[in-house]
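Reader: Could we go through this one together, question by question? I'd like the reasoning along with each answer.

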Amino acid sequence: MALYRQKWFCFATVLGIVVFSGLLWFRFYSQSVHPGRGLPSGRVPEVMPGETWKAIFIKDEKAGYAVSRVNRTGTGYTVEDTAALRFNAMGMIQTVDMATRSELNFDFSLDAFDFSIRSGLFDFKASGVVKGSVLRVFTVGTGFDEHPYDIRIKTRPYTAAGILLDLWANPPETGTRLSYSLFDPAALQFVPAFVRVRGLETVQVLGAPVQARAVDLSVGNLTQTVWMNPEGRVVLETGMLGMRLEAGTREQAMAGITQSPRHDLTRLAAVIPDKPIENQAALTGLVIGLSGIDLSAYNFETHRQTLDGSRLTITKEPLARDFAYPALQDPQAPQTRPEPARFLSPGPFIQSDHPKIIHLARSIVQDTSDDLKKVRKLVTWVFEQIDKQPAPSIPDALSTLAVKKGDCNEHAVLLAALGRAAGIPTRIETGLTYLDGRFMYHAWNAFFIGHWVTGDAVFNQVPADVTHVGIMTSENETGAALAGMIGNIQITIVETRQP
């Protein structure tokens, strides 16, 4: 595989972050759970049926459109959200089509939902039904048939649209803060979310001044703002990287979509350090300074990283079989202890118990008893067999295996599934890595072979070089926790260490 292809197609983590954890993520994929403020006894909210069209912008370019439709039913409301997005990523034009249909009760709580996303490579669908204290979710991907998951819920579940309708029907006072537990079907897990009501403001919507109530929506470390007019219509939404939705007519929303976008999302999200890094593959250590974000909101401490104030030191792992990291043995540092067993279990997108994955893993590592050699074989197989191509979708191992294409997310989920199927605890790590003078968002893996060692199937590295700045480790998903730092984090090069 040509080197330029490795470089060109490996950093599409940012695509998933922008689409799934940014502006459109909250609009289309989130199902939140909170106690619900309820309605006055016997009152049914008067939400007017209708549709709202919005133009989607990335900075000064129109990137697509979205439409939301609300209809009243005998038991509540139906909310349908669809969107089409066109953007530039690594010099390639990408298109994504998304749709969500939510069945809401009269108190705007969720009864059922259907969600789908289609890109050039992958299709993904999820649906869910609330049954008492269980949200039963069904997922379908490119490489697998429908599969159910039961997720326990403690309080009434709400969609993002349901939250906004609830805020309109039961308007809180300015300054009110509400907390939520948000279910993300893109990761099939709960994440924290918060709402803060800012009050009436005058904003520009498609060039015209509009007075609307501002509401800050925070998901994890990411905050976006929604402006709602007195009729409960969302007229403006803003997110990261200059992304925003502005309400207008159908014609205004759909007209003038840029066919050849200039703004490359991966370039917009990249972090340019104060000076270049030379000969990165040969480095044994790297010390960088971090600023622009709340460092306490992220987990920079890993088996090979230590954070001292704002300085992060990354040390390349030795591969000696009898090596053990002192930090992993320190009972006072539970956040760095390996707990490897939990990284052997299958996950919603890491189907390590599927016969196809088990058979493939065994065939790759056959006649190999040494775990480090198994890791090298698995990393090399994924590096050689999966074509590197941006894939703005929800990554899963079976779909990646079926299509044999994908970006770093697809490489990471497939490698995690193969590692676990081979009996090696394997986790996903996401963060930044250095390429051509800038740090780009990326995903890779770590394997427990008596100690943790990183592996990157995009670059065929075991261990990964020290410019891999780990920010999040995960059992099942990639990228979402990084959203709040995009466009904010700054990096300075303090020291590079040679052998």
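Reader: Leaving aside its neighbours within four places in sequence, which residues is threonine 368 in contact with?

Author: Keep in mind that this is a predicted model. Threonine 368 sits in the loop between α8 and α9, and α9 covers 371-385. Once the neighbours within four places in sequence are left aside, the contacts of threonine 368 are Lys373, Lys374 and Lys377.

Reader: And which side chain does the side chain of threonine 368 make a polar contact with?

Author: Lysine 377 is already on the contact list of threonine 368. Here the two side chains make a polar contact at 2.8 Å. So, with 3.5 Å as the cut-off for N or O atoms, the partner is the side chain of lysine 377.

Reader: Is threonine 368 buried or exposed?

Author: The relative accessible area of threonine 368 is 12%. Buried means under 20%, so threonine 368 counts as buried.

Reader: Moving on to the helices, how are α8 and α11 oriented to each other?

Author: Helix α8 spans residues 355-365 and helix α11 spans residues 408-421. Their axes come within 8 Å and cross at roughly 75°. Because angles of 65 to 115 degrees count this way, α8 and α11 are roughly perpendicular.

Reader: How many nonpolar residues does the contact of α8 with α11 have?

Author: From α8 come Ile357, Ile358, Leu360, Ala361 and Ile364, and they meet Leu414, Ala417, Leu418 and Ala421 in α11. There are no polar and no charged residues in this contact. The nonpolar count is 9.

Reader: Now the sheet: which strands are at the edge?

Author: Four strands form an open sheet, in the order β24-β23-β22-β25, with antiparallel pairing. An edge strand here pairs on one side only. That description fits β24 (452-455) and β25 (469-474).

Reader: What is the bridge partner of threonine 430 in β25?

Author: Strand β22 takes in residues 426-435 and runs antiparallel to β25, with 5 bridges joining the two. For threonine 430, the partner in β25 is methionine 472.

Reader: Which strands does α11 touch where it packs on the sheet?

Author: The direction of α11 makes about 5° with that of β23, which covers 438-448. As it packs on the sheet, α11 touches β22 and β23.

Reader: Zooming out, what percentage of the residues in the protein chain is buried?

Author: The protein chain has 11 helices and 26 strands, and its residues number 499. The buried share is 59%.

Technical notes:
Residues are numbered from 1 along each chain as its sequence is written. This is a predicted model: local features need pLDDT of at least 70, side-chain atom pairs count only at pLDDT 80 or more; totals for chains, interfaces and linings use all residues. Side-chain values use heavy atoms; hydrogens and water are left out. Axes are lines fitted to C-alpha atoms, for helices over the stretch in contact, and angles run from 0 to 180 degrees between N-to-C directions. Angles under 35 degrees count as roughly parallel, over 145 as roughly antiparallel, 65 to 115 as roughly perpendicular and the rest as oblique. Contact means heavy atoms within 4.5 Å. Ala, Val, Leu, Ile, Met, Phe, Trp, Tyr, Cys and Pro count as nonpolar, Asp, Glu, Lys and Arg as charged, and the others, Gly among them, as polar. Two strands pair if DSSP finds at least two bridges between them. Buried means under 20% relative accessible area, exposed over 50%, partly exposed in between (1.4 Å probe, protein chains only). A polar contact is a pair of N or O atoms within 3.5 Å; within protein, one must be able to donate a hydrogen and the other to accept it, and residues adjacent in sequence count only if both atoms are side-chain atoms.
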